[in-house]
Amino acid sequence: MYKKIIAFSIAVVMMVACTTVPITGRRQLSLVSDAQMQQMSYDAYDQFLKENKLSRDAQATAMVKRAGQRIQRAVEQYMAANNMSAQLQGFQWEFNLIEDEQVNAWAMAGGKTVVYSGILPVAQNETGLAVVMGHEIAHAIAKHGNERMSQQLAQQFGGQTLSALAGTQPGVAQNLIMTVYGAGSTLGLLKYGRNQESEADQLGLIFMAMAGYNPQEAIPFWERMEAKSGGQAPPEFLSTHPSAGTRRANLQKYMPEALKYYKK
Ligand SMILES: [Zn+2]
């Protein structure tokens, strides 16, 4: 009898604590509210911008903001067309280019995005930049940070809520936010899982295509990233990404769908 009640309770918790990823429809663990993830991300983002240098390259900065805003509009259109606009509630989109030679970029809950100047030579142009920003924004839309935060709370912090952790160990909670988005230092970096990477590729292709960027440019972009990985492994990508062959096969699989959204 008790066992049944416990099993039932766990089932209820799992139902309540799950959300569904847009486009792919995958169910994911979610022990943290969107509002809370957004608030912590906004604080961490402000802190990050204080501690880092914005790029002084006006042209490159404008390109990052333009690509970001075009992708933002694409996401908003996609979500509206699929009755999922509620998932964008509380978003405070922002796109900044920082002066940092790391080959990196990330987007936090609520659309707070950073591109590092070190990735621009790999991007080569605005379309290449749209590949990487589409991919990062897709991580945020699919709430992968929320999912990883939930997993960390369950595995490492005895299932505490994020508010409890933030109350007792604010520094740890703040670090965790940075870490789950690939924005922390390389030390103790968490990896996006393989299914999260593949989802970000799939969603990112669709968003960039809807924003008017040719999604086929994603294949040479990831090849350039791969060529770059001979050296150091930058935080978000090379330490975690699927093998080049797997990524290419995935991109080719999703390409026909993405091309439907691409209007020059
Ligand atoms: Zn990724």
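This is a short talk on the fold, the cores and the salt bridges of the structure shown above.

A caution before the details: this is a predicted model. The protein has 264 residues, and 52% of them are buried. Its secondary structure comes to 11 helices and 5 strands. If we take the contacts with a separation of 6 or more, 73% are between residues 24 or more positions apart. The accessible surface is about 12,300 Å², and carbon and sulfur atoms hold 53% of that.

I will start with the strands. Strand β3 covers residues 94–98, and 4 of its 5 residues are buried, so the rest of the structure largely encloses it. β3 pairs with β5, residues 112–116, in the parallel sense, over 5 bridges. In that pairing Asn 96 stands opposite Val 114. The two strands are also joined through side chains: Lys 112 and Glu 94 form a salt bridge, 2.7 Å from N to O. Lys 112 is in β5 and Glu 94 in β3, so this pair ties together parts 18 residues apart in sequence. How exposed is each partner? Lys 112 has 5% relative accessibility and therefore counts as buried, while Glu 94 is partly exposed at 26%.

Next, the nonpolar cores. The largest contains 53 residues, and those touching the most other members are Val 75, Val 115, Leu 129, Met 133, Ile 141 and Phe 207. Several elements supply at least two residues each to this core, among them α3, α5, α9 and α11, as well as strands β3 and β4. Phe 207 is worth a look on the screen. Outside its neighbours within four places in sequence, Phe 207 contacts Ile 23, Ile 71, Ala 74, Val 75, Tyr 78, Ala 138 and Ile 141. There is also a second, separate core of 26 residues, which includes Ala 44, Ile 98, Trp 106 and Phe 157.

That brings me to helix α9, residues 194–210. With 17 residues at 1.5 Å a residue, α9 should span 24 Å, and its end C-alpha atoms lie 25 Å apart, which agrees. The helix is mostly covered, with 14 of its 17 residues buried. Just after α9, Gly 212 has a positive phi of about 95°.

One residue of α9 leads into the charged groups. Gln 196 lies in this helix, and at 3% relative accessibility Gln 196 counts as buried, since the cut-off is 20%. What does Gln 196 touch, beyond residues up to four places away in sequence? The contacts are Arg 26, His 139, His 144, Glu 147 and Arg 148.

Two of those contacts, Arg 26 and Glu 147, form a salt bridge with each other, at 2.8 Å from N to O. Arg 26 sits in the loop between β1 and β2 and Glu 147 in helix α6, so the bridge ties together parts 121 residues apart in sequence. Glu 147 counts as buried, at 5% relative accessibility. Arg 26 and Glu 147 are also linked with Glu 199 in a network of salt bridges.

The count for the protein is 9 salt bridges. One more to mention is Arg 248 with Glu 223, where the closest N and O atoms are 3.1 Å apart. Arg 248 is in helix α11 and Glu 223 in helix α10, so this pair ties together parts 25 residues apart in sequence. Here Arg 248 is partly exposed at 32% relative accessibility, and Glu 223 is partly exposed at 38%.

Terms used. Residues are numbered from 1 along each chain as its sequence is written. This is a predicted model: local features need pLDDT of at least 70, side-chain atom pairs count only at pLDDT 80 or more; totals for chains, interfaces and linings use all residues. Side-chain values use heavy atoms; hydrogens and water are left out. Buried means under 20% relative accessible area, exposed over 50%, partly exposed in between (1.4 Å probe, protein chains only). Helices (H or I, at least four residues) and strands (E, at least two) are DSSP runs, numbered from the N terminus. Two strands pair if DSSP finds at least two bridges between them. The expected span of a helix is 1.5 Å times one less than its number of residues. A nonpolar core is a set of buried Ala, Val, Leu, Ile, Met, Phe, Trp, Tyr and Cys residues joined through side-chain atoms within 4.5 Å. Contact means heavy atoms within 4.5 Å. Accessible areas come from the Shrake-Rupley method with a 1.4 Å probe; for residues, only the protein chains shown count as cover. A salt bridge is a side-chain nitrogen of Lys or Arg within 4 Å of a carboxyl oxygen of Asp or Glu.
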